Amino acid sequence: MSSNQNQSPPLKVEFLRIKDEPFRWSNSIEVVIVLEGSIQVAIADENRILSVGGLEIFNINQVHRLSHIHEDNLVLLINIDAEFAKDHCSDLSKVWFAHEFGPGTYLGSERVKEITEAICTLITPVVNNQSELRFLNSLHIIEPLLDLLIGNLDVKRIFEGNPIKLQRIWKIYDYLFNNHGYTNKASLNEIAEMTDEYLNLDYLSSQFKLLIGDTLQNLLHYLRIEHAIKRLLTTNLSLVDISIESGFSSPRYFYQKFNKIFPEGPKEFRHVNKKKQEMMEHCREIIDPAFVLPRHDGLFHSHETVSNVPNKWINLDLFGYYDPRSTSVYMIEIADLIISKSDNNFNRILQVHDISSYQVFGFEEPFDFTFNKDVQSLTWFMNQFSDNDIHPAFIVAADSKLMSEQIAAIQRLIENYALIYGAEHLKGWRIEIR
(Lines give C-alpha, C1' and ligand atoms only; values in the text may rest on other atoms or scores of the structure.)
Protein backbone atom coordinates (compact mmCIF):
# COMPACT_ATOMS: atom_id res chain seq x y z
CA MET A 1 0.00 0.00 0.00
CA SER A 2 1.42 3.36 -0.94
CA SER A 3 0.42 4.86 2.37
CA ASN A 4 2.76 2.45 4.11
CA GLN A 5 5.74 3.47 2.05
CA ASN A 6 5.59 7.21 2.71
CA GLN A 7 7.28 8.74 5.72
CA SER A 8 4.65 9.52 8.31
CA PRO A 9 4.51 12.72 10.37
CA PRO A 10 5.24 12.19 14.08
CA LEU A 11 1.66 13.02 15.04
CA LYS A 12 -1.38 13.26 12.79
CA VAL A 13 -4.85 14.21 14.00
CA GLU A 14 -7.97 14.21 11.82
CA PHE A 15 -11.73 14.37 12.13
CA LEU A 16 -13.30 11.98 9.62
CA ARG A 17 -16.64 10.78 8.38
CA ILE A 18 -16.04 7.11 7.61
CA LYS A 19 -17.66 5.56 4.55
CA ASP A 20 -16.31 2.21 3.37
CA GLU A 21 -12.54 1.91 3.66
CA PRO A 22 -10.34 -0.90 2.34
CA PHE A 23 -8.26 -3.02 4.68
CA ARG A 24 -5.13 -1.07 5.52
CA TRP A 25 -2.25 -0.76 7.96
CA SER A 26 0.46 1.77 8.72
CA ASN A 27 3.73 2.14 10.57
CA SER A 28 2.01 3.95 13.40
CA ILE A 29 -0.04 3.54 16.54
CA GLU A 30 -3.57 4.45 15.49
CA VAL A 31 -6.26 5.57 17.93
CA VAL A 32 -9.93 5.78 16.91
CA ILE A 33 -12.54 7.58 19.01
CA VAL A 34 -16.16 7.69 17.84
CA LEU A 35 -17.71 11.11 18.48
CA GLU A 36 -21.01 10.64 16.64
CA GLY A 37 -22.96 7.72 15.19
CA SER A 38 -21.47 4.23 14.93
CA ILE A 39 -18.85 2.51 12.81
CA GLN A 40 -17.80 -1.08 12.22
CA VAL A 41 -14.23 -2.08 12.98
CA ALA A 42 -12.65 -5.13 11.37
CA ILE A 43 -9.30 -6.41 12.63
CA ALA A 44 -8.31 -9.10 10.12
CA ASP A 45 -10.68 -11.87 11.22
CA GLU A 46 -12.67 -10.03 13.90
CA ASN A 47 -15.52 -7.50 13.62
CA ARG A 48 -17.03 -5.26 16.26
CA ILE A 49 -19.29 -2.20 16.46
CA LEU A 50 -18.03 1.05 17.96
CA SER A 51 -20.69 3.53 19.06
CA VAL A 52 -20.42 7.04 20.55
CA GLY A 53 -17.62 7.11 23.08
CA GLY A 54 -16.08 3.95 21.65
CA LEU A 55 -12.30 3.72 21.74
CA GLU A 56 -10.13 1.44 19.64
CA ILE A 57 -6.38 1.30 19.21
CA PHE A 58 -4.50 -0.48 16.43
CA ASN A 59 -1.00 -1.79 16.80
CA ILE A 60 1.85 -0.97 14.45
CA ASN A 61 1.17 -2.45 11.00
CA GLN A 62 -1.95 -4.22 12.24
CA VAL A 63 -4.40 -4.91 9.41
CA HIS A 64 -7.75 -3.24 10.03
CA ARG A 65 -10.69 -1.62 8.32
CA LEU A 66 -13.25 1.02 9.27
CA SER A 67 -16.67 1.13 7.64
CA HIS A 68 -19.86 3.05 8.30
CA ILE A 69 -23.09 1.89 9.87
CA HIS A 70 -24.64 5.36 9.94
CA GLU A 71 -23.88 7.95 7.28
CA ASP A 72 -23.62 10.70 9.90
CA ASN A 73 -20.77 9.15 11.89
CA LEU A 74 -17.87 11.31 13.11
CA VAL A 75 -14.53 9.84 14.13
CA LEU A 76 -11.41 11.29 15.70
CA LEU A 77 -8.36 9.56 14.21
CA ILE A 78 -4.92 9.92 15.83
CA ASN A 79 -1.71 8.42 14.40
CA ILE A 80 1.63 8.37 16.23
CA ASP A 81 4.53 7.48 13.95
CA ALA A 82 6.18 4.26 15.13
CA GLU A 83 9.76 5.27 14.36
CA PHE A 84 9.35 8.47 16.33
CA ALA A 85 7.61 6.65 19.17
CA LYS A 86 10.46 4.13 19.41
CA ASP A 87 12.87 6.98 20.17
CA HIS A 88 10.88 7.71 23.32
CA CYS A 89 9.76 4.17 24.17
CA SER A 90 12.63 1.78 23.56
CA ASP A 91 10.57 -1.34 24.33
CA LEU A 92 7.72 -0.42 21.97
CA SER A 93 8.19 -3.75 20.19
CA LYS A 94 6.98 -5.42 23.39
CA VAL A 95 3.76 -3.42 23.49
CA TRP A 96 0.52 -5.00 22.35
CA PHE A 97 -2.48 -2.69 22.68
CA ALA A 98 -5.91 -4.04 23.45
CA HIS A 99 -8.78 -3.16 25.73
CA GLU A 100 -11.73 -5.19 24.49
CA PHE A 101 -10.18 -8.46 23.33
CA GLY A 102 -10.88 -10.41 26.48
CA PRO A 103 -12.18 -10.21 30.06
CA GLY A 104 -8.65 -9.96 31.41
CA THR A 105 -7.90 -6.76 29.51
CA TYR A 106 -11.21 -4.86 29.39
CA LEU A 107 -11.08 -1.72 31.50
CA GLY A 108 -14.76 -0.98 31.91
CA SER A 109 -16.83 1.83 30.36
CA GLU A 110 -16.05 4.44 33.02
CA ARG A 111 -12.28 4.01 32.71
CA VAL A 112 -12.51 4.01 28.91
CA LYS A 113 -14.43 7.30 29.14
CA GLU A 114 -11.75 8.79 31.39
CA ILE A 115 -9.00 7.72 28.99
CA THR A 116 -10.91 9.11 26.00
CA GLU A 117 -11.35 12.48 27.72
CA ALA A 118 -7.65 12.53 28.66
CA ILE A 119 -6.63 11.80 25.05
CA CYS A 120 -8.85 14.61 23.74
CA THR A 121 -7.42 17.00 26.32
CA LEU A 122 -3.87 16.16 25.27
CA ILE A 123 -4.45 16.67 21.56
CA THR A 124 -6.60 19.81 21.91
CA PRO A 125 -3.59 22.11 21.19
CA VAL A 126 -3.07 20.23 17.92
CA VAL A 127 -6.70 20.56 16.87
CA ASN A 128 -6.80 24.23 17.82
CA ASN A 129 -3.45 25.11 16.28
CA GLN A 130 -4.96 26.73 13.18
CA SER A 131 -8.11 26.66 11.07
CA GLU A 132 -6.50 23.75 9.22
CA LEU A 133 -5.20 20.62 10.91
CA ARG A 134 -1.49 20.29 10.44
CA PHE A 135 1.18 17.77 11.34
CA LEU A 136 2.72 18.40 14.71
CA ASN A 137 5.72 16.96 16.47
CA SER A 138 5.61 18.05 20.08
CA LEU A 139 7.29 16.25 22.95
CA HIS A 140 4.96 17.76 25.52
CA ILE A 141 1.99 16.18 23.70
CA ILE A 142 3.33 12.93 22.26
CA GLU A 143 5.22 11.70 25.33
CA PRO A 144 2.29 11.93 27.78
CA LEU A 145 0.00 10.52 25.07
CA LEU A 146 2.26 7.46 24.73
CA ASP A 147 2.43 7.12 28.52
CA LEU A 148 -1.36 7.26 28.73
CA LEU A 149 -1.88 4.63 26.02
CA ILE A 150 0.82 2.24 27.20
CA GLY A 151 -0.07 2.61 30.87
CA ASN A 152 -3.73 1.76 30.28
CA LEU A 153 -4.05 -0.25 27.08
CA ASP A 154 -0.91 -2.40 26.90
CA VAL A 155 -2.14 -5.91 27.70
CA LYS A 156 1.04 -6.75 29.62
CA ARG A 157 -0.35 -4.79 32.55
CA ILE A 158 -2.29 -7.90 33.62
CA PHE A 159 1.04 -9.71 34.26
CA GLU A 160 2.78 -6.85 36.08
CA GLY A 161 2.83 -8.80 39.33
CA ASN A 162 4.29 -11.93 37.75
CA PRO A 163 7.52 -11.17 35.82
CA ILE A 164 8.32 -14.87 35.28
CA LYS A 165 4.99 -15.50 33.59
CA LEU A 166 5.36 -12.29 31.55
CA GLN A 167 8.83 -13.31 30.36
CA ARG A 168 7.54 -16.74 29.38
CA ILE A 169 4.69 -15.31 27.34
CA TRP A 170 6.98 -12.67 25.85
CA LYS A 171 9.34 -15.29 24.40
CA ILE A 172 6.55 -16.80 22.32
CA TYR A 173 5.08 -13.38 21.53
CA ASP A 174 8.47 -12.16 20.27
CA TYR A 175 8.95 -15.31 18.19
CA LEU A 176 5.53 -15.00 16.56
CA PHE A 177 5.22 -11.23 16.12
CA ASN A 178 8.71 -9.80 15.81
CA ASN A 179 10.44 -12.75 14.17
CA HIS A 180 7.49 -13.85 12.00
CA GLY A 181 7.54 -17.34 13.47
CA TYR A 182 3.98 -17.85 12.26
CA THR A 183 5.28 -18.29 8.68
CA ASN A 184 6.88 -21.58 9.73
CA LYS A 185 4.61 -24.59 9.52
CA ALA A 186 5.42 -25.41 13.13
CA SER A 187 3.06 -27.09 15.55
CA LEU A 188 2.32 -25.57 18.93
CA ASN A 189 4.64 -28.13 20.50
CA GLU A 190 7.48 -27.12 18.15
CA ILE A 191 6.89 -23.45 18.93
CA ALA A 192 7.16 -24.20 22.62
CA GLU A 193 10.44 -26.03 21.99
CA MET A 194 11.83 -23.25 19.81
CA THR A 195 11.24 -20.75 22.59
CA ASP A 196 12.53 -23.07 25.32
CA GLU A 197 9.14 -23.16 27.01
CA TYR A 198 8.53 -26.85 27.65
CA LEU A 199 5.21 -26.29 29.33
CA ASN A 200 1.76 -27.75 29.05
CA LEU A 201 0.37 -26.42 25.78
CA ASP A 202 -3.12 -26.03 27.21
CA TYR A 203 -1.64 -23.82 29.91
CA LEU A 204 0.33 -21.72 27.42
CA SER A 205 -2.69 -21.36 25.21
CA SER A 206 -4.87 -20.28 28.15
CA GLN A 207 -2.32 -17.63 29.13
CA PHE A 208 -2.32 -16.26 25.60
CA LYS A 209 -6.09 -16.16 25.67
CA LEU A 210 -5.92 -14.08 28.82
CA LEU A 211 -3.33 -11.80 27.24
CA ILE A 212 -4.78 -11.15 23.78
CA GLY A 213 -8.26 -12.64 24.00
CA ASP A 214 -7.66 -15.78 21.93
CA THR A 215 -5.86 -19.11 22.01
CA LEU A 216 -2.35 -19.62 20.68
CA GLN A 217 -3.71 -21.76 17.84
CA ASN A 218 -6.18 -19.07 16.81
CA LEU A 219 -3.46 -16.45 17.11
CA LEU A 220 -1.43 -18.40 14.55
CA HIS A 221 -4.41 -18.38 12.19
CA TYR A 222 -4.87 -14.65 12.74
CA LEU A 223 -1.22 -13.81 12.02
CA ARG A 224 -1.18 -15.98 8.89
CA ILE A 225 -4.40 -14.44 7.59
CA GLU A 226 -3.06 -10.95 8.33
CA HIS A 227 0.16 -11.70 6.44
CA ALA A 228 -1.85 -13.10 3.53
CA ILE A 229 -3.98 -9.93 3.40
CA LYS A 230 -0.87 -7.77 3.18
CA ARG A 231 0.56 -9.88 0.37
CA LEU A 232 -2.77 -9.91 -1.48
CA LEU A 233 -2.97 -6.13 -1.41
CA THR A 234 0.68 -5.23 -2.06
CA THR A 235 1.82 -7.88 -4.55
CA ASN A 236 0.67 -9.78 -7.62
CA LEU A 237 1.81 -13.11 -6.19
CA SER A 238 -0.36 -16.11 -6.94
CA LEU A 239 -2.71 -17.39 -4.26
CA VAL A 240 -0.65 -20.56 -4.02
CA ASP A 241 2.57 -18.61 -3.38
CA ILE A 242 0.83 -16.41 -0.80
CA SER A 243 -0.57 -19.42 1.04
CA ILE A 244 2.89 -20.99 1.28
CA GLU A 245 4.61 -17.74 2.24
CA SER A 246 2.03 -17.08 4.97
CA GLY A 247 2.71 -20.41 6.67
CA PHE A 248 -0.40 -22.39 5.75
CA SER A 249 0.12 -26.14 5.43
CA SER A 250 -1.51 -26.18 1.99
CA PRO A 251 -3.31 -23.84 -0.47
CA ARG A 252 -6.53 -25.72 0.18
CA TYR A 253 -6.26 -25.07 3.91
CA PHE A 254 -5.55 -21.39 3.17
CA TYR A 255 -8.69 -21.07 1.00
CA GLN A 256 -10.74 -22.81 3.67
CA LYS A 257 -9.58 -20.48 6.46
CA PHE A 258 -9.76 -17.34 4.33
CA ASN A 259 -13.23 -18.09 2.98
CA LYS A 260 -14.51 -18.67 6.49
CA ILE A 261 -13.65 -15.05 7.33
CA PHE A 262 -14.22 -13.49 3.90
CA PRO A 263 -16.85 -15.52 2.01
CA GLU A 264 -16.00 -13.78 -1.26
CA GLY A 265 -12.65 -15.61 -1.28
CA PRO A 266 -9.09 -14.26 -1.65
CA LYS A 267 -9.32 -13.45 -5.37
CA GLU A 268 -12.40 -11.23 -5.07
CA PHE A 269 -11.12 -9.81 -1.76
CA ARG A 270 -7.95 -8.67 -3.55
CA HIS A 271 -9.90 -7.12 -6.42
CA VAL A 272 -12.38 -5.20 -4.23
CA ASN A 273 -9.87 -3.86 -1.73
CA LYS A 274 -7.30 -2.83 -4.34
CA LYS A 275 -10.03 -0.90 -6.10
CA LYS A 276 -10.93 0.81 -2.82
CA GLN A 277 -7.27 1.68 -2.28
CA GLU A 278 -7.25 3.54 -5.58
CA MET A 279 -10.32 5.50 -4.47
CA MET A 280 -9.32 6.09 -0.85
CA GLU A 281 -10.36 9.75 -0.99
CA HIS A 282 -13.95 8.58 -1.56
CA CYS A 283 -13.83 6.14 1.37
CA ARG A 284 -13.61 8.86 4.00
CA GLU A 285 -14.38 12.55 4.31
CA ILE A 286 -12.14 14.94 6.22
CA ILE A 287 -14.21 17.23 8.45
CA ASP A 288 -13.08 20.77 9.28
CA PRO A 289 -12.43 21.06 13.04
CA ALA A 290 -14.29 24.38 13.04
CA PHE A 291 -17.42 22.30 12.42
CA VAL A 292 -16.58 19.78 15.14
CA LEU A 293 -15.34 21.89 18.05
CA PRO A 294 -18.56 23.76 18.90
CA ARG A 295 -20.47 20.47 18.92
CA HIS A 296 -18.00 18.81 21.30
CA ASP A 297 -16.81 21.64 23.52
CA GLY A 298 -16.93 19.22 26.45
CA LEU A 299 -13.95 17.39 24.94
CA PHE A 300 -12.26 20.25 23.07
CA HIS A 301 -12.09 24.00 23.46
CA SER A 302 -14.57 25.71 21.16
CA HIS A 303 -13.30 27.41 18.02
CA GLU A 304 -14.60 30.78 19.23
CA THR A 305 -12.74 30.49 22.50
CA VAL A 306 -9.52 29.64 20.74
CA SER A 307 -9.78 32.45 18.21
CA ASN A 308 -10.26 35.04 20.98
CA VAL A 309 -7.26 33.93 23.03
CA PRO A 310 -4.07 35.92 22.25
CA ASN A 311 -1.60 33.79 20.34
CA LYS A 312 0.93 32.26 22.73
CA TRP A 313 3.30 30.86 20.12
CA ILE A 314 5.71 32.45 17.70
CA ASN A 315 6.63 30.42 14.62
CA LEU A 316 10.36 30.30 13.97
CA ASP A 317 12.19 28.85 10.97
CA LEU A 318 15.76 28.19 12.05
CA PHE A 319 16.81 26.37 8.90
CA GLY A 320 15.82 28.56 5.96
CA TYR A 321 18.20 30.91 4.15
CA TYR A 322 17.51 34.62 3.84
CA ASP A 323 16.26 35.58 0.40
CA PRO A 324 17.72 39.03 -0.50
CA ARG A 325 14.86 39.53 -2.96
CA SER A 326 12.35 39.32 -0.15
CA THR A 327 10.90 42.49 1.32
CA SER A 328 9.17 40.61 4.08
CA VAL A 329 9.05 42.42 7.41
CA TYR A 330 9.15 39.02 9.05
CA MET A 331 12.86 38.44 8.40
CA ILE A 332 14.91 38.88 11.58
CA GLU A 333 18.48 40.16 11.57
CA ILE A 334 19.27 38.17 14.66
CA ALA A 335 22.94 39.23 14.91
CA ASP A 336 22.11 42.94 15.01
CA LEU A 337 19.27 42.29 17.40
CA ILE A 338 21.56 40.52 19.86
CA ILE A 339 24.38 43.03 19.64
CA SER A 340 22.25 46.13 20.05
CA LYS A 341 19.71 44.59 22.43
CA SER A 342 17.32 46.89 20.61
CA ASP A 343 13.95 47.08 22.31
CA ASN A 344 12.60 48.82 19.24
CA ASN A 345 13.48 45.91 16.95
CA PHE A 346 12.14 43.36 19.35
CA ASN A 347 8.91 45.28 19.88
CA ARG A 348 8.52 45.45 16.11
CA ILE A 349 8.64 41.66 15.98
CA LEU A 350 6.02 41.42 18.71
CA GLN A 351 3.75 43.88 16.92
CA VAL A 352 3.93 41.92 13.68
CA HIS A 353 3.30 38.74 15.64
CA ASP A 354 0.16 40.22 17.20
CA ILE A 355 -1.19 41.27 13.81
CA SER A 356 -0.41 38.00 12.01
CA SER A 357 -0.11 35.29 14.64
CA TYR A 358 0.52 32.48 12.16
CA GLN A 359 3.30 34.20 10.23
CA VAL A 360 6.59 32.31 10.16
CA PHE A 361 9.55 34.40 11.26
CA GLY A 362 12.76 33.60 9.41
CA PHE A 363 16.42 34.41 9.93
CA GLU A 364 19.19 35.63 7.67
CA GLU A 365 20.82 32.22 7.63
CA PRO A 366 20.33 28.85 9.33
CA PHE A 367 21.54 28.52 12.88
CA ASP A 368 24.60 26.34 13.34
CA PHE A 369 23.91 24.27 16.44
CA THR A 370 27.56 23.20 16.63
CA PHE A 371 28.63 26.77 17.42
CA ASN A 372 28.14 27.77 21.02
CA LYS A 373 27.78 31.43 19.99
CA ASP A 374 24.76 30.67 17.82
CA VAL A 375 23.18 28.64 20.61
CA GLN A 376 23.80 31.46 23.09
CA SER A 377 22.24 33.97 20.69
CA LEU A 378 19.16 31.83 20.23
CA THR A 379 18.92 31.25 23.98
CA TRP A 380 18.89 35.01 24.54
CA PHE A 381 16.19 35.31 21.94
CA MET A 382 14.09 32.61 23.64
CA ASN A 383 14.37 34.45 26.94
CA GLN A 384 12.92 37.61 25.39
CA PHE A 385 9.91 35.66 24.21
CA SER A 386 9.56 33.98 27.58
CA ASP A 387 9.45 37.37 29.29
CA ASN A 388 6.53 38.24 27.02
CA ASP A 389 4.73 34.93 27.70
CA ILE A 390 5.23 33.75 24.11
CA HIS A 391 6.46 30.25 23.33
CA PRO A 392 8.55 29.19 20.32
CA ALA A 393 7.14 26.86 17.66
CA PHE A 394 10.13 25.63 15.65
CA ILE A 395 9.28 24.98 12.01
CA VAL A 396 10.65 21.94 10.15
CA ALA A 397 9.88 21.28 6.49
CA ALA A 398 8.15 17.93 5.98
CA ASP A 399 9.68 17.50 2.53
CA SER A 400 13.22 18.17 3.73
CA LYS A 401 15.72 15.32 3.58
CA LEU A 402 17.27 16.80 6.72
CA MET A 403 14.05 16.70 8.72
CA SER A 404 15.32 14.18 11.30
CA GLU A 405 18.59 16.11 11.70
CA GLN A 406 16.71 19.38 12.16
CA ILE A 407 14.45 17.87 14.81
CA ALA A 408 17.48 16.42 16.61
CA ALA A 409 19.18 19.84 16.54
CA ILE A 410 16.14 21.51 18.09
CA GLN A 411 15.94 18.79 20.72
CA ARG A 412 19.58 19.49 21.64
CA LEU A 413 18.70 23.17 21.99
CA ILE A 414 15.76 22.26 24.23
CA GLU A 415 17.97 20.02 26.41
CA ASN A 416 20.60 22.77 26.71
CA TYR A 417 17.98 25.34 27.63
CA ALA A 418 16.46 23.02 30.24
CA LEU A 419 19.87 22.46 31.86
CA ILE A 420 20.44 26.20 32.21
CA TYR A 421 16.98 27.50 33.08
CA GLY A 422 15.07 24.41 34.20
CA ALA A 423 12.53 22.22 32.40
CA GLU A 424 9.61 24.28 33.75
CA HIS A 425 10.58 27.10 31.36
CA LEU A 426 9.98 24.82 28.36
CA LYS A 427 6.23 24.68 28.86
CA GLY A 428 4.53 25.49 25.57
CA TRP A 429 7.60 24.90 23.37
CA ARG A 430 6.93 22.73 20.33
CA ILE A 431 8.17 21.54 16.96
CA GLU A 432 5.90 21.73 13.91
CA ILE A 433 6.17 19.74 10.70
CA ARG A 434 4.95 21.71 7.66
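## Strand β13 and its two faces

Strand β13 is covered on both of its faces, with H391, A393 and I395 buried on one side and P392, F394 and V396 buried on the other. In this predicted model, six of the six residues of β13, which spans residues 391-396, are buried, so the strand is largely enclosed by the rest of the structure.

## Pairing of β13 with β10 and β14

Strand β10, made up of residues 313-316, pairs with β13 in the parallel sense over four bridges, and within that pairing W313 has H391 of β13 as its bridge partner. H391 also belongs to the buried set of residues, on the side that includes A393 and I395.

Strand β14, which covers residues 430-433, likewise pairs with β13 in the parallel sense over four bridges. Here V396 stands opposite I433 of β14, while V396 itself is buried on the side of β13 that holds P392 and F394.

## Packing of helices α16 and α17

Helix α16 (residues 372-387) packs against helix α17 (residues 403-421) at an angle of about 65 degrees, and their axes lie 11 Å apart. Because of that angle, α16 is roughly perpendicular to α17, and the crossing in which α16 passes α17 is right-handed.

On the α16 side, the contact is made by V375, L378, T379, M382 and N383, and on the α17 side by L413, N416, Y417 and Y421. Sorted by residue class, the contact of α16 with α17 comprises six nonpolar and three polar residues, with no charged residue taking part.

Definitions and conventions
Residues numbered from 1 in each chain as written. Predicted model: local features only at pLDDT ≥ 70, side-chain atom pairs only at ≥ 80, totals over all residues. Heavy atoms only, no water. Axes fitted to C-alpha atoms, helices over the stretch in contact; angles between N-to-C directions. Helix = DSSP H or I, 4+ residues; strand = E, 2+ residues; numbered from the N terminus. Parallel < 35°, antiparallel > 145°, perpendicular 65-115°, else oblique. Left-handed = near helix turned anticlockwise from the far one by under 90°. Contact = heavy atoms within 4.5 Å. Nonpolar A, V, L, I, M, F, W, Y, C, P; charged D, E, K, R; others polar. Buried < 20%, exposed > 50% of the residue type's maximum accessible area, 1.4 Å probe, protein only. Pairing = 2+ DSSP bridges.
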